[in-house]
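Subject: Structure handover

Hello,

Here is the structure for you to look at. Please open it first, then read my notes on its empty spaces below.

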Amino acid sequence: MTSTALLTDHYELTMLQAALGSGTAHRRSVFELFPRRLPTGRRYGVVAGVGRALDALEAFRFDDETLAVLEEIVDRPTLDWLASYRFTGDIWGYAEGETYFPYSPLLTVEAPFAEAVLLETVLLSIYNHDSAIASAASRMTMAAGERPCIEMGSRRTHEEAAVAAARAAYVAGFATSSNLAARRRYGVPTAGTSAHSFTLLHDSEEQAFRAQVESLGKGTTLLVDTYDVAEAVRLGVEVAGPGLGAVRIDSGDLGVLAHQVRAQLDSLGATGTRVIVTSDLDEFAIASLAAAPVDGYGVGTELVTGSGHPTCGFVYKLVAHEDDTGEMVSVAKQSKDKASIGGRKYALRRRDPRGVAEAEVVGIGEPPVDDGDDRPLLVPLVRDGEIVGREPLQQARARHERSRAELPVAAQSLSRGEPVLETLHVGG
């Protein structure tokens, strides 16, 4: 298992050293990971990366190789403490796939200060990236309706970010990914057939199509915009017959071309052949194609960059700690525009009798009162240092579908607006 302990910032280690020196390192502490706001104009966000964060926590160990990197950064007592580091605390959080709103307490880490402070950067980097991708993906799959979305953005981002993006997109409803590492690591279904280079390799488009069909079968997807779209569609049906699986359009006016291609396929008897469109799609382009005879969407660049919001702006703040008397005291940052709210938080989703969400209710210091239709949001992820919150990716995917479905109808709007749920703080 490769250590994740250096996926952190320098100051976390220097804070640790100073706290060990002052005798405060072992104070019981509560850290929370939360958003102060949603990305501008967004109506809701989606939590993703929970499973990856648990994997990172399990691998957060300071082996000899890792400690050697730190020899010029911290002193010998700190190195000795790090050598036996094991997280022994508790972590509660929103389950993967859940929707969230401003100040939702997405993660609550309860442990000695020294153990919890070291996790800040690795947790934030995973949650900020994966949740940004899932939030964009959710808007795309909502715009697509019953039509499947295919994640194909690996070549548009860092190679490891691509794997995480494929996983997050799947949580938020994407049907498949092009990324084979995501298939191996997380079981994300993959799909793909050919690029323009395959067509250009052959002496003619017909030769390329015959080679693909002979190898992959008539159910394959032929890319039809290398030369002339109409001629390629004709050739595709001629080569594969009316049982051709699909054609893909990757350029031009996709709405117009989809109508033309659908009409041509039907006239050739290929009424079951699907029309797949790609080419710099985002949620707005997908929505604009709702009336077009399109059967699926391939999304790359806009997905893996969060469709304009590549991070969620999550922060990780100390909200309570043990004082000299052993009592827990609330603390909060009060600086302008970056204020936080002290005290350990609890959250539930307030719903009306029909099951439609009405508000995000956050209790300070104690759980808010359930009025009978509400749904608790925090689940145990780590207990006494042992991971208890792992789950199959399909479970997170199903949770997202349910969570999004209970939001007010305004959540379906792609226009800029305020969050569809207000966050209410009670108690404290």
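First, a definition of the residue classes: Ala, Val, Leu, Ile, Met, Phe, Trp, Tyr, Cys and Pro count as nonpolar, Asp, Glu, Lys and Arg as charged, and the others, Gly among them, as polar. The model is predicted, so local features need pLDDT of at least 70 and side-chain atom pairs count only at pLDDT 80 or more, while totals for chains, interfaces and linings use all residues. Residues are numbered from 1 along each chain as its sequence is written, and side-chain values use heavy atoms, with hydrogens and water left out.

Cavities

Rolling a probe the size of a water molecule over the atoms shows where empty space is left. On a 1 Å grid over the protein atoms alone, a cavity is a set of points where a 1.4 Å probe fits but cannot get out. A lining residue has an atom within 4 Å of a point. Grid points are joined across faces, edges and corners, and a volume is the space filled by probe spheres set on the points.

How many cavities of 30 Å³ or more does the whole structure hold? The search finds three. The largest has about 70 Å³ of space. Its lining includes Glu-32, Tyr-103, Lys-345 and His-425. By class, that lining has five nonpolar, one polar and two charged residues.

The second largest cavity has a volume of about 60 Å³. Its lining is ten nonpolar residues, with no polar and no charged ones. Among them are Val-50, Leu-107 and Leu-381. Helix H2 (50-58) gives the most, with four residues. Helices here are DSSP runs (H or I, at least four residues) and strands are too (E, at least two), numbered from the N terminus.

Pockets

A pocket is an open set with protein on both sides within 12 Å along at least five of seven lines. The largest has a volume of about 860 Å³. It is lined by 31 residues, and Ile-150, Met-152, Arg-248, Thr-278 and Gly-298 lie nearest its centre. Strand S11 (296-299) gives two or more residues to this lining. In fact S11 has the largest share, three residues. The classes are ten nonpolar, 15 polar and six charged.

The second largest pocket holds about 450 Å³. Of its 16 lining residues, those closest to the centre include Arg-52, Glu-160 and Tyr-186. H6 gives the most, with five residues.

Best wishes
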